[in-house]
Amino acid sequence: MRWRTVLLQYCFLLITCLLTALEAVPIDIDKTKVQNIHPVESAKIEPPDTGLYYDEYLKQVIDVLETDKHFREKLQKADIEEIKSGRLSKELDLVSHHVRTKLDELKRQEVGRLRMLIKAKLDSLQDIGMDHQALLKQFDHLNHLNPDKFESTDLDMLIKAATSDLEHYDKTRHEEFKKYEMMKEHERREYLKTLNEEKRKEEESKFEEMKKKHENHPKVNHPGSKDQLKEVWEETDGLDPNDFDPKTFFKLHDVNSDGFLDEQELEALFTKELEKVYDPKNEEDDMVEMEEERLRMREHVMNEVDTNKDRLVTLEEFLKATEKKEFLEPDSWESPSI
């Protein structure tokens, strides 16, 4: 199943959907000690928004391919090299006519959507006479030279585009956050310029007071440490902290029972820590900064635990991480101040 590493976040969910019929490994746990644990076997795991401008098209293509038995079987057996090389895309030639017809229609709709976007942009710039076909070249997730047929080339291009774009997703988020922080500080300074000296001092004093309030919070456990996971085990899972077991913890938080902790499942583990620092009711706590901190925590844990760098944590990787000194005696973790 390691082929899923190619499509990183959303695209990994295709094989997850295909394997939902498999039974989860039983969890060895004393049910009498469990509080408020709800079954998740039948819960539908909604795929996250990838943030890609062709996100909806990507989801629709995956949904259609999922319905073809032949392609589903090939996906289950495919390895990472088959995905990268484009060999798997050739299997598209063997899917049913019904599936190909649906894919053709999806592509025509996507090309039409892109043309409308181009037209709207050109109209806003009062530009006329531009060749839509030439402008379609800038979109690398489909073959614009054949706008009516979804071919193996289209699947190959879609996979490679999503892979490349999602690999840079975190970097883009960090850059957007930096711009957000710069703009926020710029607006604050510009506002101060409009005040007289007395009011300006009051605002500066208020700002420093908010900063101190934000920094005055309970200790934040080091992400991925035993203390942090035990807190989730006790407060979220409702289990006795003295019975903490890494293997059981992994299986409890592998929400879709696919044998991995993906990035979304990992980020969910940090909610308790983030709530110590950020409260939406507090003026001094910025929820945009909270999500940046969640991302920072997840990246840190991935760097420590994800040894093969496929952006998925296996049970073996997880258990090995719990044997490290850093798991038992981590460094302190400092959340950034406002």
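A residue counts as buried when its relative accessible area is under 20%, and by that cut-off phenylalanine 139, at 13% relative accessibility, is buried. The model described here is a predicted one. The points below concern its aromatic pairs, of which there are seven, together with the surroundings of helix H10, which spans residues 226-235.

**The pair of tyrosine 53 and phenylalanine 139**

- The ring centres of tyrosine 53 and phenylalanine 139 are 5.7 Å apart and the ring planes stand at 50°, so this pair is classed as tilted.
- Tyrosine 53 belongs to the loop between helix H1 (12-18) and helix H2 (55-65), while phenylalanine 139 belongs to the loop between helix H6 (132-135) and helix H7 (152-167), and the pair therefore ties together parts that are 86 residues apart in sequence.
- The two partners fall into separate exposure classes, since tyrosine 53 is partly exposed with a relative accessible area of 41%, whereas phenylalanine 139 is buried at 13%.

**The pair of phenylalanine 249 and phenylalanine 318**

- Phenylalanine 249 and phenylalanine 318 form a stacked aromatic pair, with 6.1 Å from centre to centre and 5° between the planes.
- This pair also links distant parts of the chain, as phenylalanine 249 is in helix H11 and phenylalanine 318 is in helix H15, 69 residues apart.
- Both phenylalanine 249 and phenylalanine 318 are buried.
- Phe249 and Phe318 are also members of a cluster linked by ring pairs, in which Trp233, Phe244 and Phe250 take part as well.

**Helix H10 and what covers it**

- The buried residues of helix H10 are Gln228, Leu229, Glu231, Val232 and Trp233, the last of which is also part of the aromatic cluster.
- Among the elements that cover these buried residues are helix H11 (246-253), helix H13 (271-277), helix H15 (315-321) and helix H16 (325-328).

**The packing of H10 against H11**

- Helices H10 and H11 pack at an angle of about 60°, their axes lying 11 Å apart, and H10 passes H11 in a left-handed crossing.
- On the H10 side the contact is made by Leu229, Val232 and Trp233, and on the H11 side by Thr248, Phe249, Leu252 and His253.
- Sorted by class, this contact of H10 with H11 comprises five nonpolar and two polar residues, with no charged ones.

**A charge over a ring**

- Arginine 188 lies over the face of phenylalanine 207, at a distance of 4.0 Å from the ring centre.

Notes: Residues numbered from 1 in each chain as written. Predicted model: local features only at pLDDT ≥ 70, side-chain atom pairs only at ≥ 80, totals over all residues. Heavy atoms only, no water. Buried < 20%, exposed > 50% of the residue type's maximum accessible area, 1.4 Å probe, protein only. Helix = DSSP H or I, 4+ residues; strand = E, 2+ residues; numbered from the N terminus. Contact = heavy atoms within 4.5 Å. Phe/Tyr/Trp six-rings, centres within 6.5 Å; stacked < 30°, edge-to-face > 60°. Lys NZ or Arg CZ within 6 Å of the ring centre and 35° of its normal. Axes fitted to C-alpha atoms, helices over the stretch in contact; angles between N-to-C directions. Left-handed = near helix turned anticlockwise from the far one by under 90°. Nonpolar A, V, L, I, M, F, W, Y, C, P; charged D, E, K, R; others polar.
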